[in-house]
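Here's a walk through one protein model, going from the overall counts down to single residues. Keep the viewer open while you read.

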Amino acid sequence: MGLGIRALRATRSSALGRIYSTSPIYHRILSPSSPSFFRWIVTTPELQKPDAAAEPAPQPPPPPTPVGGARVQITKPEDAIEVFVDGFPVKIPKGMTVLQACEVAGVDIPRFCYHSRLSIAGNCRMCLVEVEKSPKPVASCAMPALPGMKIKTDTPLAKKAREGVMEFLLMNHPLDCPICDQGGECDLQDQSMAFGSDRGRFTEMKRSVVDKNLGPLVKTVMTRCIQCTRCVRFASEIAGVQDLGMLGRGSGEEIGTYVERLMTSELSGNVIDICPVGALTSKPFAFKARNWELKGTETIDVTDAVGSNIRIDSRGPEVMRVLPCLNEDINEEWISDKTRFCYDGLKRQRLSDPMIRGSDGQFRAVTWRDALAVVAEAAHNTKPEEIVGIVGQLSDAESMMALKDFLNRMGSNNVWAEGNGVNPQADLRSNFLLNTTISGFGKADLFLLVGSQPRVEAPMVNARIRKTIRATQAKVAYIGPATDFNYDHQHLGTGAQTLIEIAEGRHPFCSSLLSAKNPVVILGAGVFERMDKDTIISAVETIAKYGKVMRPEWKGLNVLLLNAAQAASLDLGLVPEANSSIETAKFLYLMGADDVNLDKVPGDAFVVYQGHHGDKSVYRANIILPASAFSEKEGIYENTEGCAQSTSPAVPTVGDARDDWKIIRALSEVAGVYLPYDNLEAIRCRIRVVAPNLLQMDEKEAPTVSAALKPEFTGKISKSAFGTTVENFYMTDAITRASKIMAQCSATLSKRK
């Protein structure tokens with residue numbers, strides 16, 4: 001092949017030589033007698049294109065896009081400084097680190113120990129960059145950015161430094177990626193491929209570390225640990241427990257619990273997400289699936305009233321795990337252990353077919369047509385005032401609207417949600433919402449908790465309170481039974497008598513309340529179940545007026561709800577007409593209501609249970625209608641601060657189950673009281689008439705605050721102390737009670753106590 005090409009070139013050159021030798025032009029140009037023995041002929045683009053000189057100059061490169069779509073807000077122009085990242089000028093606010101400046105410039109710096117929500121440790125050294133006039137590479141996560149600083153992230157020196165750091169990290173790291181649950185989503189894998197060397201020089205024996213027992217949720221393989229201390233800082237700063245720490249020095253350094261003990265925090269599962277390697281992984285998820293086999297569906301959590309944003313990872317019809325999604329206004333990037341690990345309850349004790357209780361007391365499966373016909377006949381044979389409906393704590397807004405409309409057409413208005421008590425104050429939304437909002441707690445300087453234990457009622461709200469305390473040194477006062485907080489607090493008393501003393505200005509706490517600029521009062525929803533709740537609420541409103549808690553620019557009076565369905569049920573007007581309606585009920589419709597006391601239900605009452613789990617109320621039901629769980633349907637939920645969010649179906653329904661609102665819609669047709677909606681859009685149009693704020697997704701409509709707060713309170717206040725609303729944090733609803741993982745946590749918790 002090469003010989004042929006050379007021969008072709010030789011043939012061409014000889015032919016050209018013959019042409020040039022016979023051409024008179026050739027002789028005239030190369031003749032020595034000519035004025036110019038040799039002349040160069042140069043062509044330029046300007047000569048070929050006369051209008052080329054008029055073309056515009058090349059545009060400068062577009063400004064860099066921040067990493068992850070981050071936004072930088074500079075409130076005051078004088079607080080901005082300019083730095084240069086790889087030659088690009090970037091304006092950032094004062095106080096930012098070099099790593100953050102690089103992120104604003106669109107340069108992703110590798111890191112292991114750095115986390116944006118934790119304190120700076122600077123001990124992994126993976127984020128080394130070169131700074132002009134610096135004798136050696138600097139750790140960008142710990143170096144503050146200075147005006148005019150010139151940062152270089154892609155120089156040979158920076159690359160060599162990162163390769164050296166990565167080589168040291170891999171020196172003692174085991175080569176067990178094929179059996180590691182972190183494989184496929186491991187920061188060490190990704191960064192070693194992107195910034196590491198292609199070979200290692202370490203040939204000695206690798207060290208090994210004994211695994212630690214942190215409980216039934218977190219699996220440890222401490223030989224994989226790279227001592228980034230993210231888990232240690234999370235436990236002490238976010239979770240508020242001193243369970244983890246660093247032991248030893250040098251090659252004997254390891255993460256441990258000092259003494260043999262379990263990790264006791266309700267947020268312990270978050271260390272799985274922040275661990276950059278496979279040292280801390282999910283124990284229930286161990287060896288179940290790889291991340292590339294899973295389908296992720298972004299939805300919301302319904303185990304409490306916070307509405308944390310989550311991602312459900314599923315494979316086929318089974319939910320495999322639950323991970324947090326970022327939402328700065330609600331849960332940031334954390335979720336509670338109950339939210340993360342209760343998913344196995346979605347496949348246990350499920351109701352899959354309509355069933356009717358026979359004369360022998362046993363249930364038998366029937367068709368939907370037969371089941372709905374029996375329910376419709378029983379409803380028509382009952383007086384309207386004896387028809388009662390109760391919705392459960394996991395019900396969505398569409399199903400509650402459908403049940404209310406159905407019972408109204410049957411002549412009854414006795415429908416309410418469990419947990420709201422009798423005669424709830426639902427006229428003004430400010431009477432039952434978290435008016436300050438979760439993100440607004442960051443501006444508070446004083447918290448007064450009345451009958452509320454947010455650590456078990458709403459862990460994400462409690463985490464935000466702790467964050468505020470660490471940032472602003474805010475004070476916390478508490479009225480209620482002795483409980484375990486993860487921050488310093490002042491226990492004022494256990495009963496409502498303390499409220500009267502504060503309202504009358506006779507308590508020493510009044511001076512702290514008056515001196516606070518932005519005080520926050522949080523009333524626990526457990527008060528709704530007390531007989532003297534109206535007097536307690538009136539006393540709290542008096543305290544709010546006395547301490548100037550409610551102002552046009554600051555709304556500090558709050559109610560912390562317990563259940564996901566409470567806020568939407570009160571917005572939709574699910575308020576009973578009579579206090580004792582359940583005692584005289586002859587037709588009781590339970591839609592997922594498993595925590596209502598059925599002891600007072602008459603023995604001859606016809607009870608319909610519509611739900612997705614065979615929980616407490618099933619044992620009293622005459623007929624069972626299987627429904628979909630929150631992971632299998634699309635529905636609207638309103639959280640405790642009044643923000644409406646929607647779930648998304650991640651897995652198919654179980655058996656012959658149907659969505660709640662579809663069951664009621666079909667029942668209305670069989671009963672002859674046709675409901676005028678056949679799809680979600682139509683029923684949401686009906687919701688728009690009653691509560692239009694429920695259709696403003698991911699937005700908070702500011703509640704109307706009454707200008708005339710009750711200055712006086714009348715009635716007797718019980719001397720009994722406030723009770724503990726949540727007895728067992730790990731078992732609060734039908735899903736968590738069916739979870740085997742939650743049962744293990746509950747057993748471990750009671751054993752520790």
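What follows covers the whole chain, two sheets, two helix pairs and a few loop residues.

## The whole chain

First off, this is a predicted model, so treat everything below as computed from it. The protein has 21 helices and 28 strands. Of its 753 residues, 53% are buried.

How far apart in sequence are the residues that touch? Taking contacts between residues at least 6 apart, 69% of them join residues at least 24 apart.

## The five-stranded sheet

Let's start with the sheet that includes β1. It is an open sheet of 5 strands with mixed pairing, and the order reads β2-β1-β5-β3-β4. At the edges sit β2 (88-93) and β4 (138-139), each of which pairs on one side only.

Inside that order, β3 (residues 128-131) and β5 (residues 150-152) run antiparallel and are joined by 2 bridges. If you want a spot to click on, try Val 131, which stands opposite Ile 151 in β5.

## Helices α5 and α6

Next up is a helix pair. Helix α5 covers residues 156-171 and helix α6 covers residues 187-195; they pack at an angle of about 140 degrees, and their axes are 10 Å apart. Roughly antiparallel would take an angle over 145 degrees, so α5 and α6 count as oblique to each other. Their crossing is left-handed.

Which residues make the contact? On the α5 side they are Arg 162, Glu 163, Met 166 and Leu 170, and these meet Leu 188, Gln 191, Ser 192 and Phe 195 in α6. Sorted by class, the contact of α5 with α6 comes out as 4 nonpolar, 2 polar and 2 charged residues.

## The seven-stranded sheet

Now for the other sheet. Here 7 strands make an open sheet, again with mixed pairing, in the order β14-β13-β26-β25-β24-β15-β16. The edge strands are β14 (363-365) and β16 (415-417), and each pairs on one side only. From one strand to the next, the twist averages 20 degrees.

Toward the β16 edge, β15 (residues 387-391) runs parallel to β16, with 3 bridges between the two. One residue to look up is Ile 390, whose bridge partner in β16 is Trp 416. Two helices pack on this sheet. Helix α10 (residues 368-380) touches β13 (355-357), β15, β24 (587-591), β25 (606-611) and β26 (623-626), and its direction makes about 125 degrees with that of β26. Helix α18 (residues 660-671) touches β24, β25 and β26, with its direction at about 150 degrees to that of β24.

## Helices α11 and α19

Back to helix pairs. Helix α11 (residues 397-409) packs with helix α19 (residues 680-690) at an angle of about 75 degrees, and the axes are 10 Å apart. That angle makes α11 roughly perpendicular to α19.

The contact takes Ala 397, Glu 398, Met 401, Ala 402 and Asp 405 from α11, plus Leu 680, Ile 683, Arg 684, Arg 686, Ile 687 and Val 690 from α19. By class, the contact of α11 with α19 has 7 nonpolar and 4 charged residues, with no polar ones.

## Loop residues to check

A couple of backbone angles deserve a look. Gln 227 isn't a glycine, yet it has a positive phi of about 55 degrees. You'll find Gln 227 in the loop between β6 (218-220) and α7 (230-239). Its relative accessible area is 16%, under the 20% cut-off, so Gln 227 is buried. Asp 698 is also a non-glycine with a positive phi, at about 60 degrees. Asp 698 belongs to the loop between α19 and α20 (734-737). Is Asp 698 buried or exposed? With 54% relative accessibility, Asp 698 counts as exposed.

Last stop: Gly 442, in the loop between β16 and β17 (446-450). Gly 442 is partly exposed, at 39% relative accessible area. Arg 464 is 22 residues away from Gly 442 along the chain, and their C-alpha atoms are separated by 7.5 Å. Leaving out residues up to four places away in sequence, Gly 442 touches Thr 468 and Thr 472.

Notes:
Residues numbered from 1 in each chain as written. Predicted model: local features only at pLDDT ≥ 70, side-chain atom pairs only at ≥ 80, totals over all residues. Heavy atoms only, no water. Axes fitted to C-alpha atoms, helices over the stretch in contact; angles between N-to-C directions. Helix = DSSP H or I, 4+ residues; strand = E, 2+ residues; numbered from the N terminus. Parallel < 35°, antiparallel > 145°, perpendicular 65-115°, else oblique. Left-handed = near helix turned anticlockwise from the far one by under 90°. Contact = heavy atoms within 4.5 Å. Nonpolar A, V, L, I, M, F, W, Y, C, P; charged D, E, K, R; others polar. Pairing = 2+ DSSP bridges. Buried < 20%, exposed > 50% of the residue type's maximum accessible area, 1.4 Å probe, protein only.
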